[in-house]
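These are my notebook entries on a structure that I looked through element by element. I set down each term where I needed it.

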Amino acid sequence: MKVSTIREKYLAFCKKNGHAIVPSGQIVPENDATTLFTGSGMQPMVPYLLGEKHPEGTRIADAQKCFRAEDIEEVGDNRHTTFFEMLGNWSFGDYTKEDQLRWIFTFLTQEVGINPERLYITCFIGDISSDLPKDEFSANLWKELFSAEGIEAKIADIGSEARGYKRGMNGKERIFYYDGTKNWWSRAGKPDKMPVGEPGGPDSEMFYDFQTQHDTSYGEKCHPNCDCGRFMEIGNNVFMEFIKEADSSFAPLPKKNIDFGGGLERIAAAAIDSPDVYKIDIFDAIIKKLEKLSGKKYDTPEYQFAFRVIADHARGTVFMLSDGIFPSNKDQGYIVRRLMRRAMFYGTQLGLDDKILEKVAPIVIDLHKDAYPRLEEDTALILREVRNEEKKFHKTLERGLRELNKMINMDGELTGEDAFILFTTYGFPLEMTVEVIEKKGIKINHSEYAEEFEKHRKLSRTASEGKFKGGLADHSEKTTALHTATHLMLAGLRKEL
């Protein structure tokens with residue numbers, strides 16, 4: 001099943017169940033200076049979850065463009081991506097937990113065609129110290145839904161992730177209770193981390209079982225929250241039911257909100273029963289083009305990492321450029337430049353030294369233009385930017401190589417500090433440095449590089465905390481009124497322009 005088909009089916013399903021379908025917000029969040037990018041489907045909805053009225057009503061659904069810069073280094077395995085789409089539906093004090101769980105089970109099993117035998121569920125075990133109850137309602141409802149499909153679904157307590165690796169799963173167990181580290185949602189994390197006045201609540205997550213063999217390097221036994229690759233989370237139902245009070249206790253929210261967030265790419269991977277998310281159609285089309293250009297095969301282990309990085313980064317680049325994020329040396333522009341140059345570098349590893357992004361960007365545009373028409377409108381702009389950046393990249397490559405040759409010491413080793421200077425001053429990524437010097441039989445001092453990188457990361461974090469103190473300046477009546485007025489003005493601009 002294609003990604004576009006799942007997206008269309010989801011939005012149609014939500015519309016049939018009374019939801020207003022709204023367009024995706026931008027990758028750079030509006031009215032939220034706390035983050036560089038929209039990193040979850042929930043992020044644009046937070047004002048409405050906190051009490052503002054949504055202009056489209058109390059039932060909303062969307063497919064939200066998201067980007068997680070912290071996952072750049074993870075891309076290359078079989079499941080991580082930087083850019084992704086999050087399917088979401090939202091109840092602002094409208095429908096119940098039962099409505100939500102029944103709908104999403106129906107959508108996944110009947111609309112997408114996922115075998116319910118492959119679905120596993122996690123729920124909140126409760127928190128005695130905060131007097132938060134166990135989410136027995138959700139667990140029992142899931143048990144009923146599985147039973148209707150002829151599946152016996154036993155319920156088990158696991159608690160912590162660490163205990164999961166020791167305990168594992170037994171017999172017919174399919175629904176598992178975990179603690180607040182795994183099955184509680186708030187912006188601040190688990191219940192004891194929440195500030196006074198912060199809303200939060202239990203969540204119930206859905207995992208797909210690829211039935212691959214457990215890798216004991218992650219832990220002795222497998223369980224739904226295991227990272228070995230057997231299970232993949234494909235959706236999360238959040239029940240925002242409580243608010244933190246001054247005495248650290250929790251009170252029920254007068255208006256309870258519900259939301260669902262499901263990774264579109266992950267649902268697509270489950271639909272075709274592939275633990276490799278890069279086998280889904282939107283990536284497969286890019287990879288086939290790269291295979292044709294390079295003469296190399298994706299399934300060859302030594303090339304797979306490069307194929308995945310290019311496919312992911314090309315997709316992220318196209319959407320960022322269309323959203324007006326252009327390469328630069330700061331903030332969002334720094335991230336898109338890094339994406340582009342990483343893709344270009346890994347293109348050289350496939351023997352493709354020229355115009356990688358220019359050749360695959362049209363594929364990304366074609367695959368997404370129906371859902372995001374602006375991509376096609378921005379084709380000329382996107383191709384112009386990737387051409388310009390490619391020219392700069394090749395100059396960087398030449399300059400970086402010159403500096404690298406100067407830095408190599410008499411002992412045939414490159415210091416970690418020098419490698420880091422190549423990265424920060426000349427835009428020469430560590431992967432590129434390692435690739436070049438290993439061919440010369442030269443080693444890099446990785447521990448020194450890690451120390452320099454950690455210093456840089458701490459400085460960057462301090463700067464970010466100073467720059468992005470977050471959200472509203474305060475929560476006075478005047479500021480809240482101005483915030484609401486801003487939303488109204490933006491809604492008017494969208495409607496008229």
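I began with accessibility: buried means under 20% relative accessible area, exposed means over 50%, and partly exposed lies in between (1.4 Å probe, protein chains only). The model is predicted, so I noted that local features need pLDDT of at least 70, that side-chain atom pairs count only at pLDDT 80 or more, and that totals for chains, interfaces and linings use all residues. Residues are numbered from 1 along each chain as its sequence is written, and side-chain values use heavy atoms, with hydrogens and water left out.

**Entry 1: positive phi**

I recorded that most residues other than glycine have a negative phi. I then looked up aspartate 131, whose phi is positive, near 55°. I found aspartate 131 in the loop between β4 (119-124) and α4 (136-148). Helices (H or I, at least four residues) and strands (E, at least two) are DSSP runs, numbered from the N terminus. Is aspartate 131 buried or exposed? Its relative accessible area is 67%, so I entered aspartate 131 as exposed.

I looked up serine 248 next, where phi is also positive, near 70°. Serine 248 belongs to the loop between β9 (231-244) and β10 (250-263). Its relative accessibility is 45%, and therefore I entered serine 248 as partly exposed.

**Entry 2: strand β3 and its partners**

I turned to strand β3 (residues 83-92). Why is β3 described as largely enclosed by the rest of the structure? I found that 10 of its 10 residues are buried, which is the reason for that description. On one side of β3 I listed the buried residues Phe83, Glu85, Leu87, Asn89 and Ser91. On the other side I listed Phe84, Met86, Gly88, Trp90 and Phe92, which are buried as well.

For pairing I used this rule: two strands pair if DSSP finds at least two bridges between them. I noted 9 bridges between strand β2 (residues 59-67) and β3, and these strands run antiparallel. Alanine 63 stands opposite leucine 87 of β3. I noted 7 bridges between β3 and β10, which also run antiparallel. Which residue of β10 is the bridge partner of tryptophan 90? I found that it is aspartate 259.

**Entry 3: two residues of strand β9**

I looked up asparagine 236 in strand β9. With a relative accessibility of 13%, asparagine 236 counts as buried. Contact means heavy atoms within 4.5 Å. Leaving out residues up to four places away in sequence, I found that asparagine 236 touches Asp203, Ser204, Glu205, Met206, Asp259, Phe260 and Gly261.

Glutamate 241 is also in strand β9. I read a relative accessibility of 13% for glutamate 241, which therefore counts as buried. Apart from neighbours within four places in sequence, its contacts include Lys97, Gly200, Pro202 and Lys256.

**Entry 4: threonine 109**

I located threonine 109 in helix α3 (residues 97-111). Its relative accessibility is 14%, so I entered threonine 109 as buried. Not counting residues up to four places away in sequence, threonine 109 touches Ile114, Pro116 and Leu119. Threonine 109 and leucine 119 are 10 residues apart in sequence and 9.3 Å apart in space, C-alpha to C-alpha.

**Entry 5: helix α9 and its neighbours**

Axes are lines fitted to C-alpha atoms, for helices over the stretch in contact, and angles run from 0 to 180 degrees between N-to-C directions. I noted that helix α8 (residues 301-322) and α9 pack at an angle of about 145°, with their axes 8 Å apart. Among the contact residues I listed Tyr303, Val309 and His313 in α8, and Ile335, Leu339 and Tyr346 in α9. The residues of this contact divide into 12 nonpolar, 5 polar and 1 charged. Here Ala, Val, Leu, Ile, Met, Phe, Trp, Tyr, Cys and Pro count as nonpolar, Asp, Glu, Lys and Arg as charged, and the others, Gly among them, as polar.

I then looked up helix α9 (residues 331-349) with helix α14 (residues 430-439), which pack at about 20° with their axes 10 Å apart. In this contact, Arg342, Phe345, Tyr346 and Gln349 of α9 meet Glu431, Met432 and Glu435 of α14. I counted these residues as 3 nonpolar, 1 polar and 3 charged. In α14, I noted as buried Glu431, Met432, Thr433, Val434, Val436 and Ile437. Glycine 441 follows α14, and its phi is positive, near 75°.
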